[in-house]
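Q: Could you take me through the largest pocket up close, and then through a few other local features?

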Amino acid sequence: MSRFVTSLKTEQIGKRTHVLLADLVLADEEQRVITVPAGFTTDFASIKVLHNAALFVLFALVSGYGNYAAAVHDFIYTEGQVTRKEADAVLYRALRAEGVARWRAWLFWAGVRIGGSHQYTNTPIHQDPDQFGVFYVWRKVMTVTDKDRDVLARTLWGEARGEGLAGMVAVAWTIRNRVVDGKDKSWWGEGYAGVCQKPYQFSCWNLNDPNYPFLSGEKPIPAGEFASCRLAASQVIDGLKPDPTGGATHYYATTMPKPPAWAAKAKQTLKFGHHVFFKDVP
């Protein structure tokens, strides 16, 4: 089921126009994350021209409902990255996620199907989905299992539990960058669990590592620490935190006696806490 993972925060700047003060994020049930960026303007009306009395009556029944969903719909209508039919289907699911009654959501959907064609564009205004500085605007994402979430959280405990939430988010992003490298069969492994447990990539999973008994479940991870790790993992998987590493796929701990050999020819992107992050590793 679709769900909104952030709240709608707007400011009225015109008679019917509002501007978003913060990103509005919808986790759509069709395995997409849609982010309406801060700064986007909307009038919360997906039926802007009332051609006849029937549409006027319909609009009266739905007016004032579904502002979250209407903002998402306005945005994807102007982006043109999906078909109009699919955009309208997202609207219906978003209305239900917002708590709008099924019958009213259906009327809203019917109204945009009848009277919304002139508002839709199939020419994207923003070709680059990351142009707004958000991590997902409209992009297919892979299915993530409960095991993926659990293994990523355990990896964060093993690799970065002393780095605070921000430090764990940075490490999680290096893992995510390996997961979504764009290759059908990646050397890094498939999915979060596959990447984390790739032999000799994250040392905490090595059988002789002191963290391994905790990661394997042989010993319990302290509940409070694990809760923080699970939070960081979810924030990265669900696209709620931007990538602070600038696309890094590697990092090393400054507590190591010396940097690994690969760091010499790689591009450093971030130094945070006890970790240094890199991309373009040869």
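A: Here is a walk through the pocket, followed by some backbone, cysteine and sheet details. Keep in mind that this is a predicted model, where local features need pLDDT of at least 70, side-chain atom pairs count only at pLDDT 80 or more, and totals for chains, interfaces and linings use all residues. Residues are numbered from 1 along each chain as its sequence is written, and side-chain values use heavy atoms, with hydrogens and water left out.

The largest pocket holds about 480 Å³ of space. A pocket here is an open set of points on a 1 Å grid over the protein atoms alone, where a 1.4 Å probe fits, with protein on both sides within 12 Å along at least five of seven lines; lining residues have an atom within 4 Å of a point. Grid points are joined across faces, edges and corners, and the volume is the space filled by probe spheres set on the points. The lining counts 26 residues, and E159, S203, Y251, Y252 and A253 are the closest to the centre. Two elements, α5 (146-160) and β8 (250-253), each give two or more residues to that lining; helices are DSSP runs of H or I with at least four residues, strands are runs of E with at least two, and both are numbered from the N terminus. The largest share, four residues, comes from β8. By type, the lining splits into 11 nonpolar, 11 polar and four charged residues. In that count, Ala, Val, Leu, Ile, Met, Phe, Trp, Tyr, Cys and Pro are nonpolar, Asp, Glu, Lys and Arg are charged, and the others, Gly among them, are polar.

On to the backbone: Y200 has a positive phi, near 65 degrees, though it is not a glycine. Y200 sits in the loop between α7 (191-196) and α8 (212-215), and is exposed at 70% relative accessible area (exposed is over 50%, buried under 20%, partly exposed in between, with a 1.4 Å probe and protein chains only). D280 also has a positive phi, near 55 degrees; D280 is in the segment after β10 (275-279) and is exposed at 55%.

As for cysteines, the whole structure has zero disulfides, a disulfide being a pair of cysteine sulfur atoms within 2.5 Å. The sulfur of C204 is 7.7 Å from the closest cysteine sulfur, in C196, so that is too far for a bond. C204 is buried, at 0% relative accessibility.

Finally, an open antiparallel sheet runs in the order β2-β3-β6, where strands pair if DSSP finds at least two bridges between them.
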